[in-house]
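The following briefing concerns the structure shown below. It treats confidence, fold and the nonpolar core in turn.

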Amino acid sequence: MAERVGIVAVAQTKYHPNRADVNEGELAWEVIKQVLQETGLTFCDDGNGIDSAVTCSEDFWDGRTATNNNVMSYVGAHLGVENKVTEDGINAIYCAMAQILSGHHDTVLVVCHMKESQADKSLVENAAMDAIFMRLLGMNFLTAAALQAKRLMYKYGVTVEQCAKVAVKNRRNAKNNPFAQEPMDITVEDVLSSRLLASPIRLLDTKPISDGACAMILTREEKARKLTAKPVWILGAANCYETHYLGDRDLAECDALVLAAKRAYSMAGVTNPLKELDVAEICEEHSYQELLWMEGLGFCGRGEAGRLIDAGVTQMGGQLPVNPSGGMLAGNPNHVGGMARVAEAVLQLRGEAGDRQVAGAKVALAHGVTGICGQHQCVMILGNK
Amino acid sequence: MGHRVAIVGVGQTHHRAKRPDVNMAEMVGEAVRAALADAQLRAKNVEAVFCGNMETFEGVYLPDHGMADEIGAFMRPGMKLASAGTTGSAVFAEAFNFVAAGLFRTALAIGFQKHDVGSAQAALATTVTPIWGRGASSGAIAEFAQQAQIYMRQSGAKEEHAAMVRLKADRGACRNPYAHLRLGLKSVDEVLKSGYLVWPIRLLDFCPQSCGATAAVIAVEEEAKKITRKPVWIADVVTVHQEPFRASSFGDPTGRETYSQDVAAERLYKRNGITDPRKDIDCAEVYEPSNWEEMMLYEHFHFCEKHKGWQLIEKGITEIEGEFPVNASGGVLATNPIGASPMNRIVETALQVRGDAGEHQVTRDVKTAVASALGSSNWTMLTLLKRSL
Amino acid sequence: MTMTKEPSQEYIHVTIDKRRYYRWPTGKYIGKLYKEAKDKKKLVTNRCPKCKELLWPPQAVCGRCKVGKQAKIGWS
């Protein structure tokens with residue numbers, strides 16, 4: 001397609017462990033309001049307003065069927081278009097991008113909301129497990145992730161210290177992020193002496209329970225240039241599924257991510273990610289995941305991500321800062337995580353990232369993950385030229 | 001503008017009340033295999049997989065992950081969508097968007113629901129907001145009863161007309177090997193003998209809950225022409241959601257509400273140059289949770305004038321052999337796996353356009369067909385299919 | 001042991017009986033409705049400034065007009 005898709009406005013709530021003051025719709029409204037005000041757009045389909053909405057939320061988390069009803073009034077869907085994606089929010093952005101590139105829609109509002117405080121995380125995630133073989137074991141995403149972490153350490157010699165360094169880096173980065181839930185100054189020793197959740201994952205290795213929402217507006221190139229002086233273009237995007245049963249996978253590998261990244265890079269014309277990307281925002285619910293996903297994204301060879309973090313490549317000021325926002329570790333709800341990564345990448349490319357700004361960022365990567373041990377991965381490459 | 005996209009293969013399971021012989025993944029796999037076989041493609045030829053259901057019914061979080069291998073999503077792009085009752089159509093619409101955008105050359109759109117797993121009652125009960133009940137998905141019998149009462153009062157339709165609609169649906173279902181309820185109903189009296197659930201909705205007036213899956217393979221123009229000699233072109237998809245009506249869910253006693261069906265039909269017809277629906281369109285598959293709804297949909301979609309929907313069924317116009325056939329497959333009244341029902345409407349219209357509907361192929365030559373979906377608080381989706389664009 | 005052919009197949013089912021608990025906050029608007037009802041025995045809701053209709057239940061936006069709080073929806 002000749003015209004690219006641009007992101008013209010983004011908004012996030014400050015992530016919080018328990019937003020008992022709002023229900024899901026009001027939480028989403030906080031961010032929808034902001035992007036509407038920023039762009040001055042209204043909901044109408046005469047070519048001048050927002051003519052479609054893509055929402056992202058999940059029935060199991062909100063505790064009701066058809067959760068798009070929670071945000072229906074707020075996304076202008078009365079006599080309008082709305083659709084719901086049930087993967088991570090970054091896929092909702094991908095969906096909106098397809099809506100625009102197909103020519104079927106012009107300007108799309110994307111919003112994702114999640115209130116982890118409302119549900120029992122463990123029980124919700126347990127419901128994703130195969131009912132016959134895995135669910136009765138009481139597994140949830142944490143225990144599955146622990147298996148993956150152990151496998152990664154066994155196969156490639158990644159150490160708990162290297163994982164802890166990710167936690168230290170990200171939580172410190174979060175101090176510069178006004179939206180972050182748990183910014184902290186901690187050391188590797190703090191992480192390694194924090195409470196063990198599921199060996200080898202410790203409390204400080206893991207993201208906290210979080211409530212939050214994220215919204216953005218996407219439109220086609222010509223219109224994006226009129227709506228904002230700093231549009232951010234989606235240069236490439238792709239997602240991919242992997243197989244389900246943990247036993248069928250080598251958990252130290254992330255084939256779905258490798259394939260998704262390859263496709264996204266090829267769309268964006270990126271051949272050497274470490275050199276060509278200026279900043280990367282990666283979803284890491286647990287610290288080991290940042291290392292594993294970096295390898296899948298091709299920042300280094302297999303088993304070498306530990307060396308990357310040891311050498312400080314991914315620190316602020318390093319060759320490729322990863323998660324200047326603090327990532328998911330600093331507090332993002334499930335499903336919102338990937339979209340928040342895109343929002344942060346957009347802020348970086350607009351030069352609006354404040355104290356966490358990577359100077360002169362021109363090309364950014366955002367990544368989102370859904371499912372057990374990252375069964376579904378999505379990668380997006382963004383640029384501001 | 002986007003690429004042209006066509007349906008190149010369709011498949012469905014034999015929809016049943018219970019499918020204890022398969023688990024959810026296998027059931028969906030049946031539909032996927034059928035669709036691929038129909039398109040004469042292999043799973044590796046499909047570039048992306050889109051699926052959807054109403055999540056809470058089976059009690060499985062991220063069901064698309066659990067069945068990733070069976071549906072051909074292994075190492076493939078794709079995602080799951082959900083949109084209450086209109087899910088099947090929403091999945092199809094997004095798959096259409098991705099292929100029209102040039103992001104994929106072929107895609108698989110799947111709708112499924114397995115009602116015998118999990119507690120459908122619990123899931124339906126949570127459709128209403130936890131704090132405040134607003135609107136409901138299909139299955140809210142009292143809401144449809146209210147709608148029927150309003151319709152009877154406003155149009156003069158009688159229970160006999162509703163019974164005629166039910167008979168038509170059953171006749172179609174008996175000629176459709178995939179349909180769920182194939183009762184062999186013989187007469188209006190037989191329908192009128194079935195007991196009331198909530199007046200005037202009888203047991204037979206309402207759709208069942210079926211276990212089933214439906215899949216469609218779509219492809220971009222150059223690929224579609226290579227894959228099949230009978231591509232069914234997707235001319236347009238219109239989505240219209242709406243706020244719940246103030247006084248009821250599916251009917252409007254106040255006369256002040258706007259029906260999403262009216263808005264959707266207007267948009268679709270205007271965008272596609274349709275001025276006389278019964279002439280410009282050859283057949284329709286509408287999503288009718290109750291037989292009364294079907295008569296109302298005739299009016300909303302401008303198949304007849306307002307308040308005259310019951311006349312269409314009385315005169316036999318919407319029969320399979322009729323002048324303007326509607327729901328030749330038996331419709332939702334005969335088969336209702338909620339996640340798949342809208343996709344069923346699309347697949348059935350595609351079969352009609354291809355001339356492959358077998359015993360329930362309509363007499364009229366179908367060059368253009370429309371499929372509708374209904375969900376939640378009276379949302380509507382319309383899909384227009386054509387033999388040639 | 002020889003397997004005899006059963007005339008009708010018996011299917012094995014696994015039953016999982018697990019409750020999931022949810023904690024739903026009412027939010028600002030419905031919260032106010034409930035509080036007024038509880039404390040003052042009054043039913044209150046707000047009105048959309050554009051279409052002048054009472055919103056029921058009270059909400060931050062009027063979904064039909066797509067009008068939000070910036071237009072100051074008033075309580076009555």
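In chain B, residues 130–139 stay under 50 in pLDDT (the predictor's confidence in each residue, from 0 to 100). For this stretch the model has 36 contacts beyond four places in sequence, two residues being in contact if their C-beta atoms, placed from the backbone, lie within 7 Å. This is a predicted model, in which local features need pLDDT of at least 70 and side-chain atom pairs count only at pLDDT 80 or more, while totals for chains, interfaces and linings use all residues. Residues are numbered from 1 along each chain as its sequence is written, and chains are lettered from A and ligands numbered from 1 in the order in which they are written.

**Confidence**
- For the complex, the predictor gives an ipTM of 0.96 and a pTM of 0.94.
- Chain B has an average pLDDT of 91, and 94% of its residues score at least 70.
- Chain C has an average pLDDT of 76, with 78% of its residues scoring at least 70.
- Within chain C, confidence is highest in helix 1 (residues 27–40), at a mean of 87, and lowest in strand 2 (residues 74–75), at 62.
- Residues 1–7 of chain C stay under 50 in pLDDT, and the model has zero contacts beyond four places in sequence for them.

**Chain A**
- Chain A contains 14 helices and 11 strands; helices (H or I, at least four residues) and strands (E, at least two) are DSSP runs, numbered from the N terminus.
- The radius of gyration of chain A, taken over C-alpha atoms, is 19 Å, which agrees with the value near 21 Å for a compact globule of 385 residues; the globule rule is 2.2 Å times the number of residues to the power 0.38.
- The C-alpha trace of chain A spans about 60 × 45 × 35 Å along its principal axes.
- Of its 385 residues, 68% count as buried, meaning that 20 or more other C-beta atoms lie within 10 Å of the residue's own, with C-beta atoms placed from the backbone.
- Among contacts in chain A between residues at least 6 apart in sequence, 77% join residues at least 24 apart.

**Chain C**
- Along the sequence, chain C follows the pattern α-β-β.
- Of the 76 residues of chain C, 22% count as buried.

**Nonpolar core**
- The largest nonpolar core (buried Ala, Val, Leu, Ile, Met, Phe, Trp, Tyr and Cys residues joined through C-beta atoms within 7 Å) holds 288 residues, and Ile93(A), Phe50(B) and Ile110(B) are among those that touch the most other members.
- Helix 4 (residues 89–101) of chain A provides the largest share of this core, 10 residues.
- Beyond its neighbours within four places in sequence, Ile110(B) contacts residues including Val28(B), Phe50(B), Ile71(B) and Ala213(B).

Definitions and conventions: Buried ≥ 20, exposed ≤ 12 C-beta atoms within 10 Å, placed from the backbone.
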